[in-house]
Amino acid sequence: MIEALNRFFERVGLWSYDHRWIVLAISLALLGTSLHFAAGVRFDNSFEAYFDRGDPVYERYLKYREDFGSDELAYIVYEAPDVAHGPWNLEIMHKIKALTAELENGVPFIKEVTSLTNVEFMEGVPDGLEIYELLDDFPERQEQLLEVREKVLAKPFYVGGLVSEDGQYAAIMLEAEKSSIDPLDEIRLDPEGGDALENLYPQASSNAIDAILAKPEYAGIRFHHTGDVPLNSAYNYLFQSESAKLLTIALIVVAALLTLFFRASIGVIGPLAIVLLSIFAAVGFIGIAGWNMDLMFTMVPVLLIAVGIADAVHIISEFRANHARYGDRREAARRTLALVGTPCLLTSLTTAMGFGAMAISPIKTIQHFALYSAFGVLAAFILSTTLLMFFLGIGPRHLSDQRKEKELRHAKGGARIDRFLQRIVEWNIRYRRHILATAAVVFAASIAGLAQLKVDSNFLSEFSDRLPIKQSTLFADNTIGGSGSLTYIFDSGTPDGIKDPAVLREIERIDAQARTHDHVVTKTYSIVDIIKDINQSFHGGDPGFHIIPDDRNTVAQYLLVYEMSGGEEVEEYVSSDYARANLELRAKMVESSLYEGLVDSIDAYLVDEPLETTSAEVTGMGSLWITLMDYIVQSQIRGFLLAFVVIAFLMCIIFRSVPVGMLSMIPNLSPVLLTLGMMGWLDIPLDYVRLLIGTVAIGIAVDDTIHLTTRFKHEFGIHQNYHAALRAAMRDVGRALLITSVVLVAGFLVFLPSLIVSIALYGVLVAFTVVIALVADFFLMPALMLTFKPFGPERGAAAHADIQAA
């Protein structure tokens, strides 16, 4: 099999060299086609990108939106620390009234703006209820406004949402009429304005809010803008800017390193052309499939740089050696692909399979990532074995004898690198048992760390501390209300069923249970709050009547009077037929495990104290995050196991030997175990980005293993001696492995300055896996081969000499 593939790639090398202008034309056609389909691709980091519409959890969320509308909002917490009475200063309140009106009229995709100046307020009057906007009759004197403050602070419904308990902070809520999951044609600000971020919700809304808040007429008020709208907007802008920035830096770093190692323009231009074409091909694949780009795509350019550069480095290194040895470019192209074409194919297949294994993930964005990254990997391989021949064919075909001698000295890295690699070989020969014993200890420690690894995520933690949006969100969470949410939907099963006091008390029970988790839940809203407020208002504002009435008819009459008096707030919390109601839990932007703990606590409570008159289901953004974390666990376990089994099977087929295939998988496991084990020891959780660590690590590690093991076996067939074979294999491919690893580490460390924290940490972790993979292939793999001798027994005098030396 290997020999047949070698002959095939020998022909590929000759054809690509002889028809290199045709190869260039085909490559340019690929570029044009990719750009055509890529033009229609847009970025989407909403939950629509993560869940299929058939997912039961997501279907429940869509049903909730159908009944109650979008749950996305912008939340503006403000303070006025430099004036007396803070937000309740008369001049400040005048500004807030003007600001509220301007936000209502000037922010697109917003259905309602609520502040202290226009919030619905109710009071009992002799003939019923009076419902009015709080400051519709605006106070003329400061004393009057302070009286209003006391009335507001006496109403639990407003405290913790629109005003802090001590009255020092207040807020404006902007409820969105759209959601990030809505179709593209529904979230364009200007239908003819294209799909640039600033023309789409939520960016258009968030930008308009920020522009209004920055106006000089609102000087003296300190604003903290947070909530779903600005957070999602900031994230979308970050993705766009970070993708371009990281790719640019990565290309510059890689180009600099290739220049350093090869000291020839072709050694830089060729690999970079392959990388860029494969990236465009991946984006074109996304366009053809009708998908959108998402957060996962941020990692694709550097991953394809890793794969494309690795193949290119091996081909260029071998080509330069053959060109120096034989002095003919065409002969060098033939011999190069005959020797390294098959290992490059095998490494590309195993890497593509490693990524493709993630297609079984229940997370839609991971499914898409698995397929378009695998496509990009295979595109990079095809380009490396064809287009690269065009670049290597540039220049005089034949070398002079003087030039051949000079090129030969540098082709394999020079004397310094050769001495370094040979020292590694001698270390392996002398200390192989020590290496295996050390590896066993490290593996045991890594497994212990792996047992402590947890799955968790916090959307706010995605943002660097340097970003204002993170500081605003933390400020809001710690002063008034939460920027996150969970929602419970109660279904009575019958129209008007929610008006039953027994049903209302069951909502109240869940409300009370949720409030015990005050480290997560900051505020709750439901129809129960409005019913209690009505009851209290009918009894002269007596706090003792802030309770649910006992009689269903009383509840129905209260709601009728409320609606006839102009009350509208209740519509936010019940369906139009009063069959269903929601309990909204405003929560801090904390780890999803804390959300899950809240839900588990309520579930356990309902087991002990079950609902009797209604059913309850949890939904909302927080619920989707919890489900996403469950899916991550499934993806990591199932995806990695599938990748391991598929790659192990392929390795056995490649080498036509189960012992060789299984031995080669041990160094491939090393970077996975060590990286995940280190994450466990350092309390770094797996999230929806870092869940790829396992499959990416094994995909990268197997590349080095295949190149070294393939050459090791080839050299053993020549020398029939393990020590001699290792020396020859390390001399031939060791430099290429060293170069690719340095380039990969530098490429992934480009993520380090990213303002998206998960991406920055991901880059560090993958760079760590690359280092471990190189160490494992330079030390552990040779130690295993020298110990177990999987290629068969040695023959001849060399074998006898080795036995005597041992």
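Among the elements of the chain in this predicted model, helix H24, spanning residues 796-805, has the lowest mean pLDDT, at 45, while helix H6 (residues 203-213) has the highest, at 97. The pLDDT drops below 50 over residues 797-806, and this stretch makes six contacts in the model beyond its near neighbours in sequence. For the chain, the mean pLDDT is 88, with 95% of the residues reaching 70 or more.

Just ahead of helix H24, a loop connects it with helix H23 (757-788), and Lys789 is found in this loop. Although Lys789 is not a glycine, its phi is positive, near 45°. Lys789 counts as partly exposed because its relative accessibility is 34%, which falls between the cut-offs of 20% and 50%.

A positive phi also appears at Phe109, again a residue other than glycine, with a value of about 65°. Phe109 sits in the loop between helix H4 (90-106) and strand S2 (110-114). Here the relative accessibility is 10%, so Phe109 counts as buried, the cut-off for that class being under 20%.

Turning to the loop between strand S5 (170-176) and H6, this is where Pro202 is placed. The peptide bond that joins Tyr201 to Pro202 is cis, with an omega of about 5°.

A further loop, between helix H16 (527-538) and helix H17 (552-564), holds His546. Leaving aside residues up to four places away in sequence, His546 touches Asp529, Lys532, Asp533 and Gln536, as well as Pro156. Tyr218 is another matter: its C-alpha atom and that of His546 are separated by 37 Å, and the two residues are 328 residues apart along the chain.

Technical notes
Residues are numbered from 1 along each chain as its sequence is written. This is a predicted model: local features need pLDDT of at least 70, side-chain atom pairs count only at pLDDT 80 or more; totals for chains, interfaces and linings use all residues. Side-chain values use heavy atoms; hydrogens and water are left out. pLDDT is the predictor's confidence in each residue, from 0 to 100. Helices (H or I, at least four residues) and strands (E, at least two) are DSSP runs, numbered from the N terminus. Contact means heavy atoms within 4.5 Å. Buried means under 20% relative accessible area, exposed over 50%, partly exposed in between (1.4 Å probe, protein chains only).
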